[in-house]
Amino acid sequence: MADTKPKTVGMPMLHKVIFAVMLALLCVLPFVIYPVFAMKVMCFALFAAAFNLLLGFGGLLSFGHAAYFGGASYVAAHAAKVWGLTPELAILTGTLAAAVLGFLIGSLAIRRQGIYFAMVTLAFAQMVYFFALQAEFTGGEDGIQGVPRGDFLGLISLQDNTALYFFVLAVTFGGILMLYRIVHSPFGQVLKAIRENEPRAISLGYQVNRYKLMVFTLSAAFAGLAGATKSQVFQLASLTDVHWSMSGEVVLMTLLGGMGTIFGPLVGAAVIVSLQNYLATFGAWVTIIQGVIFVLGVLLFRKGIVGVIAGWLRRPL
Amino acid sequence: MFELLNISPQVLMGQLLLGLINGSFYAVLSLGLAVIFGLLNIINFSHGAQYMMGAFVAWMLLTYVGIGYWPSLILAPLIVGAVGIVLERLALSRLYHLDHLYGLLLTFGVALIMQGLFRNYYGISGQPYNIPDALSGGQNLGFMFLPNYRAWVVVASIVVCFGTWFMIERTRLGAYLRAATENPVLVGAFGINVPRMIMLTYGFGVALAGFAGVLAAPIYSVNPNMGADLIIVVFAVVVIGGMGSILGAIVTGYGLGLIEGLTRVFYPEASSVVIFVIMAIVLMIKPEGLFGRTS
Amino acid sequence: MIRKLAMGATALTMLGTIPAMAQDTIDVKLGVLNDRSGVYADLSGEGSVVATRMAVEDFDAAAHGLNVEIISADHQNKPDIGSNIARQWYDVDGVNAIIDVPTSSVALAVAAITAEMGGVMLNSGAGSTELTRGQCQPTTVDWTYDTAALANGTGGAMTTEGGKKWFFLTADYAFGHSLEENTAAVVEANGGEVVGTVRHPFPATDFSSFLLQAQGSGADVIGLANAGGDTVNAIKQASEFGITQAGQSLAALLMFVTDVHALGAETAQGLNLTEAFYWDQNDKTREWSARFEETFGSKPTMVHAGAYSATMHYLRAVAETKTTEGPKVVAAMKAAEFDDPLFGKGYVRADGRVIHDMYLFEVKAPGDSKGEWDLYNQKATISGEDAFLPMIDECDFTKNAG
């Protein structure tokens with residue numbers, strides 16, 4: 001089987017340049033805009049990228065990704081606050097929990113397709129929400145508050161916003177690069193083959209369900225990584241992150257940026273989070289503007305921002 | 001948790017009746033959703049917002065024009081349906097050739113806009129709407145006090161559900177509709193204006209949501225968020241019944257109302273999640289839904 | 001930016017008129033952080049901004065050498081959005097105090113950030129007792145109400161009046177649970193008993209099933225340990241099912257005048273509830289509420305009134321201490337008792353809990369109501385010491401610091 005797999009290609013020059021520019025910008029960013037806001041954008045960018053792995057490259061629309069994002073944020077917050085783990089271990093614990101949850105739900109959900117798949121994931125996500133509301137350790141609708149920022153590896157204090165920023169930058173950027181690697185690995189190529197034509201992939205001898213479960217688990221794990229990191233940034237975990245509207249929001253980010261593109265989800269997340277942040281003074285207009293973006297996006301820019309740009313450049317982005 | 005033994009048959013009867021009443025709302029709402037999905041292949045995520053709009057239109061008719069409950073029961077759905085038709089013409093009609101996902105996202109966006117606008121103008125606390133005089137009061141059934149209005153809700157919903165089912169499954173018009181979904185080109189070739197038929201179907205589905213909204217106005221608070229969370233529950237009902245199955249949506253609507261009612265007695269905390277548990281189980285065992293046609 | 005310039009311009013003209021104060025003007029920036037689009041938008045929202053602005057005008061900040069600017073934002077009831085805004089306000093925008101903050105989860109997060117950043121949290125909207133107990137902070141001033149005070153007011157009064165058997169209809173989340181627990185304790189302390197409880201999912205629209213269970217329990221009083229739309233719906237349906245006509249009374253444990261207004265006197269009549277403020281209590285509250293209504297368009301809630309009075313007391317402390325450093329200002333607020341036009345005499349306890357009277361109201365019958373906002377009869381006054389929970393030692397910051 002190894003021989004039949006397409007050859008892994010190295011990262012194209014254009015992507016290398018974009019990643020490098022992005023990293024350079026991100027290193028200067030905390031000195032230009034507010035670091036906590038920048039960290040929020042990065043967490044959501046990773047979340048959207050993780051979701052995109054499933055939707056854009058795996059062709060599976062999950063409507064319950066809040067479960068992994070929020071679930072991991074609860075576990076990480078609990079680990080840091082109650083068990084007193086250092087930030088990186090707390091995040092790791094959260095990620096692991098999300099991966100396990102993703103594996104369990106995924107193994108049931110992948111038996112269904114299309115809208116039914118989406119509904120199964122929604123159903124399980126609602127159960128996770130219910131659990132978060134009922135369970136003792138999650139603190140009900142107060143959430144887990146006052147999570148300590150702790151010391152990285154037990155050595156470097158993350159109290160300072162800038163120190164925390166570079167920690168979060170390392171985690172999220174690392175996560176995004178790993179996702180890139182996964183997409184462009186032989187595994188990613190098989191995923192694309194399944195997305196394009198499942199029966200053909202089966203007839204080529206691929207165990208489609210195993211691939212689907214794997215991508216589902218990976219996507220859940222990275223969504224968890226994002227959620228766990230977010231809980232360390234904001235020092236809290238709350239029901240917002242497990243609510244079904246969060247699952248909707250990540251779909252919005254991915255589509256707005258451009259599903260199935262590398263950079264689209266990052267752009268989409270940045271746009272949506274900025275809108276929520278800078279429009280906060282406009283009150284109820286935030287939801288209306290979000291609605292308008294949905295409508296215009298679906299009617300006019302179905303490929304998303306990055307998708308449209310990629311079309312102009314005639315290069316995959 | 002299991003106070004089963006403490007519950008007398010009378011109380012149980014009462015709870016089942018209440019479940020049936022709630023099921024009436026689910027049935028009318030999921031029916032509209034199923035009609036739209038079955039015939040247009042659009043997942044209408046703005047259904048909850050359109051339900052809210054029905055209630056609000058009834059309230060506006062009363063407050064600004066002085067039109068009471070009974071005319072509103074016809075007028076409000078017509079107005080909501082007309083707004084739906086405009087939406088279909090301007091936006092949805094451009095998406096029929098695309099994946100379900102886009103219709104869902106578009107209507108989700110529309111729901112956000114509608115809820116946001118109503119919130120801006122009318123606030124969040126809700127508006128009062130009284131039960132019509134003819135239906136105030138209630139009957140003492142022995143095991144419970146049944147308000148007349150609730151009884152009316154059950155009757156009205158059964159009539160509307162049966163009427164819709166009959167129209168789509170048993171009349172010539174319904175046959176055209178179903179044929180148009182299967183093969184629009186062929187039906188068009190027979191001289192039937194397919195786009196107009198689809199437009200009217202969407203309007204009808206939306207009007208059903210508006211009708212449920214008017215029914216709900218006197219008993220639930222008329223506020224901009226009243227349909228926001230309802231939509232995913234109703235959507236789950238449609239999935240359990242089998243996407244696009246008219247009969248499935250109706251039967252499942254009433255059935256889940258009953259099941260939810262029982263949950264409220266035995267494990268009230270879980271009554272909002274029980275529908276999703278059932279949905280997960282049904283999808284695992286019978287993915288096409290209880291009444292779905294296997295494709 | 002334009003607003004900033006305009007504010008600066010007004011400040012300049014003011015400086016022109018009062019030259020003596022020009023040298024030592026203190027810049028004070030107040031941030032009103034609340035729900036402007038969700039379930040609490042009507043009872044807090046823009047109204048709290050209006051109330052805060054009125055406080056700045058009534059205090060005549062310029063004459064006291066203060067240059068006050070007010071900014072506001074919507075936290076959408078999401079703790080992450082709220083805490084992001086709060087951090088940014090303190091870090092970047094130079095905000096000195098954050099006002100209102102309904103929704104307990106957001107309030108707790110903002111209170112922690114405020115303590116860390118040395119600001120002041122003037123809570124009016126959130127009801128969690130945790131703010132001045134388990135998660136108390138030295139820079140929190142909790143002005144208007146908390147769940148324990150509501151429980152004491154309504155629970156205590158109705159039990160002594162003869163409502164001995166209680167059945168709770170509780171929203172199934174931390175807020176509902178604590179409201180139920182607090183009230184149950186008061187009921188039992190007054191010789192009553194709890195005959196049953198049903199926890200309903202949050203939010204819920206249909207309450208008929210729960211009401212029927214409450215009816216079957218034979219309780220005298222049905223305590224509604226929920227809030228907002230849930231309470232409104234439960235009351236509406238209780239009237240439909242003839243619960244109150246059959247002799248059981250309803251006790252709304254958290255209800256605002258906007259909720260009663262939404263229900264209308266017809267449906268809500270006879271309902272008992274506790275509030276810290278009602279617009280039609282005396283000449284002072286009427287005068288203030290009339291001015292509020294002129295700008296805002298409807299009568300104020302107790303949350304709006306709390307935003308006004310808390311800001312007043314805060315500005316007094318700033319003018320006196322000539323600083324905006326949170327701990328010092330809060331110390332001054334705790335040191336000075338107040339006699340407020342809206343809340344009467346009171347003081348800020350060492351743990352940040354503001355002690356003032358609470359009132360038990362009964363909703364008027366439609367026949368007695370002379371206008372759409374003429375809704376309450378005042379039944380009883382509960383003194384602040386009786387209404388609020390006693391201080392726990394861990395939160396006595398004066399003791400801990402010394």
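Trainee: What makes S11(C) and strand S12 (residues 344–348) of chain C a pair?

Mentor: Look at the bridges: 3 of them join S11(C) to S12(C), and the two run antiparallel. Two strands pair if DSSP finds at least two bridges between them, so 3 bridges are enough here. As for the names, they go with DSSP runs numbered from the N terminus: helices are H or I with at least four residues, strands are E with at least two. One of the bridges has Asp340(C) partnered with Gly344(C) in S12(C). Bear in mind that this is a predicted model, where local features need pLDDT of at least 70, side-chain atom pairs count only at pLDDT 80 or more, and totals for chains, interfaces and linings use all residues. Residues are numbered from 1 along each chain as its sequence is written, while chains are lettered from A and ligands numbered from 1 in the order in which they are written.

Trainee: Why are S11(C) and S13(C) said to stand at the edges?

Mentor: The open sheet has 3 strands in the order S11-S12-S13 (chain C), with antiparallel pairing. Strand S11 (338–340) and strand S13 (354–355) of chain C each have a single partner strand, so one side of each lacks a neighbour in the sheet.

Trainee: Which way do the strands pair in the sheet of 5 strands in chain C, parallel or antiparallel?

Mentor: Parallel, in the order S2-S1-S3-S4-S5, and that sheet is open too. Its edge strands, strand S2 (66–74) and strand S5 (140–142) of chain C, each pair on one side only. Neighbouring strands are turned by 20 degrees against each other on average, direction ignored.

Trainee: What makes strand S1 (residues 26–34) and strand S3 (residues 97–100) of chain C a pair?

Mentor: They share 4 bridges in the parallel sense. In one of the bridges, Gly31(C) has Ile98(C) of S3(C) as its partner. Then there's helix H12 (residues 302–321) of chain C, which packs on the sheet and touches S1, S2, S3, strand S4 (120–123) and S5 of chain C. The direction of H12(C) makes about 155 degrees with that of S3(C).

Trainee: Why are H2(A) and H3(C) called roughly antiparallel?

Mentor: Their axes cross at roughly 150 degrees and come within 9 Å. Axes are lines fitted to C-alpha atoms, for helices over the stretch in contact, and angles run from 0 to 180 degrees between N-to-C directions. Angles under 35 degrees count as roughly parallel, over 145 as roughly antiparallel, 65 to 115 as roughly perpendicular and the rest as oblique. So roughly 150 degrees puts H2(A) and H3(C) in the roughly antiparallel class.

Trainee: Which residues meet there?

Mentor: From H2(A) you have Val36(A), Phe37(A) and Lys40(A); from H3(C), Asn84(C), Arg87(C) and Gln88(C). They divide into 2 nonpolar, 2 polar and 2 charged. The nonpolar class holds Ala, Val, Leu, Ile, Met, Phe, Trp, Tyr, Cys and Pro, the charged one Asp, Glu, Lys and Arg, and the others, Gly among them, are polar.

Trainee: How many residues of chain A are in contact with chain C?

Mentor: 24, facing 27 residues of chain C. In contact means that the C-beta atoms, placed from the backbone, lie within 7 Å. On the chain A side, H2(A) supplies the largest share, 3 residues. By class, that side has 9 nonpolar, 12 polar and 3 charged residues.

Trainee: And what does the contact between chain A and chain B take from each?

Mentor: It takes 28 residues from chain A and 29 from chain B. H5(A) gives the most to the chain A side, with 11 residues. That side has 20 nonpolar, 6 polar and 2 charged residues.

Trainee: Why is chain A called as compact as a globular protein of its length?

Mentor: Its radius of gyration is 19 Å, close to the 20 Å that the globule rule gives for 317 residues, so the label fits. The radius is taken over C-alpha atoms, and the rule is 2.2 Å times the number of residues to the power 0.38. For chain C, 402 residues give 21 Å by the rule, and the radius is 21 Å, so chain C earns that label as well.

Trainee: What share of each chain counts as buried?

Mentor: In chain A, 56% of the 317 residues; in chain C, 61% of the 402. Buried means that 20 or more other C-beta atoms lie within 10 Å of the residue's own, exposed means 12 or fewer, and partly exposed is in between, with C-beta atoms placed from the backbone.

How values were computed. Contact = placed C-beta atoms within 7 Å.
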